[in-house]
Amino acid sequence: MDDKHQQRNLVIVTILSALILLGWSFVTKHWLSTPPAPTQQGKNQPKAELTGEESGDKPLKPVDQVLQETPRLPILTESVEGSVNLKGLRLDDLTLIRHRETLAKNSPAVRLFSPAGTENAWFTSFGWTGENVALPNADSLWKADSDKLTADHPVNFYWNNQQGQIFRITLSVDHDYMFNATESVINRGNSPVIVQPYVLTNHQGVFKTASSWTLHTGPIGVFNGSVNYHVDFADIDKATNNSIRNNTQGGWIGFSDKYWLTALAPHNQKIAIDTDFRSSTNHHYQADFTVAPVVVAAGKTASTSVDVFAGAKEVRVLDRYRDQLHLPHFDKAIDWGWFAIIEKVFFYYLDWLFLHVGNYGLAIILMVFTIRALIFPIANKQYASMASMRRLQPKMQAVRERYKNDDARMRQELVTLYQKEKVNPFAGCLPMFIQFPIFIALYKTLLVTIESRHQPFILWIKDLSAPDPLTPFNLFGLLHFTPPHFLMIGVLPIILGITMWLQFRASPQQLEPAQQQIMSFLPLISVIFMAPLAAGLQVYYIFNNLISLAQMMWLQHRHSTPEERQDRAEKKRLSKKKA
């Protein structure tokens, strides 16, 4: 592979990097990921609480007003606050006190659950279906044996059907985001009853962060050991009877936003469950599961235990629940993508750096130095190969001239020349492909993890998970107007484009005119593409480019001959003289 071909490959590899960033997650999500579990629609649909039951055409009310309309029992832990609605026994009031809505000092905590009848209503409830037995419903009033639910104090809730059966739900919560509900039926009647426990979570509307080729939001679950990212809200609307069912052993089901999750799972992961995604009027969506019907003999009690996660998708928390509760693939509630293993290594190292330096932006910069140090041997090999190929150019050109009318003989002689000179023509381009997983993995790590959310860096960068808010198109905020979307290009992406241009300018490759034209547009394309992405990504690539530039200049000097160094010095002198 001669210098001309290496120049061509450099252009190809650079373009491929951009294409992979744009399209790799789309490809893996639709063609390379685990196929969805078989689905069923139809007659065995459980008779759990119907979605949209309280929507109708009623106007929405403020959350505070709705919370005053029913009796409630407070929930208070170091991670969540809210209340249990004693009417229907719902978890429909929950805020995540470790996370705030905005960067403002007086910003309220993130609200996860809101009661029916409010904007973006989201709640979870428990119950039973059955025949020939009076069952609690959405209007049933439950009694509690305590006045508060805390991480150290579970609460028993009771409802008596006045026909011999007492329904009890024992609700507990840990110090993070996991609730457990033990649903019990105490049969004091004279004959057996048959009941089927269920648990559901109900969400009004689709999420503000729409599902895309880089990030799945919406319905999610693990069915028979496989994670299902393939169902979107629109798929439920289009399904037969607006229902997508799965029969699975263990697993879990729920709804996932970018940073937030509600997931339902049987506490005993060895039992079979019937799961269901379904929708009803006014864009109400529900995820639920039922277990097998239970015969409760006279004088006996039957119980079923379910786990409900309602909180933030913090990486360490999800990993711990996966291991301690044996929830399969619970860490994949975060849509890591194809390079999940590499991404999690990057995340844990980045988080470790943050714990030691206290600034997430500085931790990102330190990770840049680490990665560049690890791949330095690859860069060194790449430049050594390119230098060897440059020195071999006269001999390669002589072979081409000698056998210009015999392509087969020319290729054979070039291979012989490579072997004689101990040069690997592919060594200069193959190392570039090794960096692709790093490129994609870092992008996804900073995109999907909540740990960078609302983390400041320096000066105007107050949130590394958000785009750079400072743009010269409104004179950095001095002009009181918001530029059109295509002009919302911040300072960081502009700096990124400059560093990329400097890299191309310092490259030893002498590109052909057509290649130069392509490469000249890449910095501008990078500016436009990176502008709407997280500032943390831009910080990473700026410092990555600067370090790459320094390494390029040092390696270029190290692997060049005295004649090449003298030639560069002469060109530099002439350039200054012209200036």
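Tutor: Two strands count as paired once DSSP finds at least two bridges between them. Keep that in mind as we look at this predicted model.

Student: Okay, what makes β11 and β12 a pair?

Tutor: The cut-off is at least two bridges. Strand β11 (residues 218–223) and β12 share three, in the antiparallel sense, so they qualify. One place to look is V222, which stands opposite V227 in β12.

Student: And why is β12 called an edge strand?

Tutor: It has a single partner strand, so one side of it is left without a neighbour in the sheet; β6 (143–144) is in that position too. The open sheet has nine strands, ordered β6-β7-β8-β9-β19-β15-β14-β11-β12, with antiparallel pairing.

Student: How do you know that β2 is largely enclosed by the rest of the structure?

Tutor: Buried means under 20% relative accessible area. Five of the six residues of β2 (residues 80–85) are buried, so the label fits.

Student: Which strands does β2 pair with?

Tutor: With β1 (residues 72–76), antiparallel over five bridges, and with β3 (residues 90–100), antiparallel over six. For the β1 side, find R72 opposite N85 in β2; for the β3 side, E81 has T95 as its bridge partner.

Student: What sits between the strands in those hairpins?

Tutor: Three residues between β1 and β2, and four between β2 and β3, where G88 takes a positive phi near 85 degrees.

Student: Now α5: how do you know that its end-to-end distance agrees with its residue count?

Tutor: At 1.5 Å a residue, the 18 residues of α5 (residues 340–357) should span 26 Å, and the end C-alpha atoms are 25 Å apart, which agrees. Among its buried residues are F346, F347, L350, L353 and F354, but also E343, K344 and D351. G358 follows the helix with a positive phi, near 80 degrees.

Student: What makes a group of residues a nonpolar core, and which residues have the most contacts inside the largest one?

Tutor: The members must be buried residues of the listed nonpolar types, joined through side-chain atoms within 4.5 Å. The largest such core has 116 residues, and those with the most contacts inside it are F126, F157, F179, F277, F309 and F330. Helix α10 (residues 430–448) gives the most to this core, with eight residues.

Student: What does F157 touch, beyond its sequence neighbours?

Tutor: Leaving aside those within four places in sequence, its contacts include L73, V84, L86, L89 and W142, plus K143 and R168. Apart from this core lies another, of 10 residues, among them M389, M396, L417 and V423.

Note on methods. Residues are numbered from 1 along each chain as its sequence is written. This is a predicted model: local features need pLDDT of at least 70, side-chain atom pairs count only at pLDDT 80 or more; totals for chains, interfaces and linings use all residues. Side-chain values use heavy atoms; hydrogens and water are left out. Buried means under 20% relative accessible area, exposed over 50%, partly exposed in between (1.4 Å probe, protein chains only). Helices (H or I, at least four residues) and strands (E, at least two) are DSSP runs, numbered from the N terminus. Contact means heavy atoms within 4.5 Å. The expected span of a helix is 1.5 Å times one less than its number of residues.
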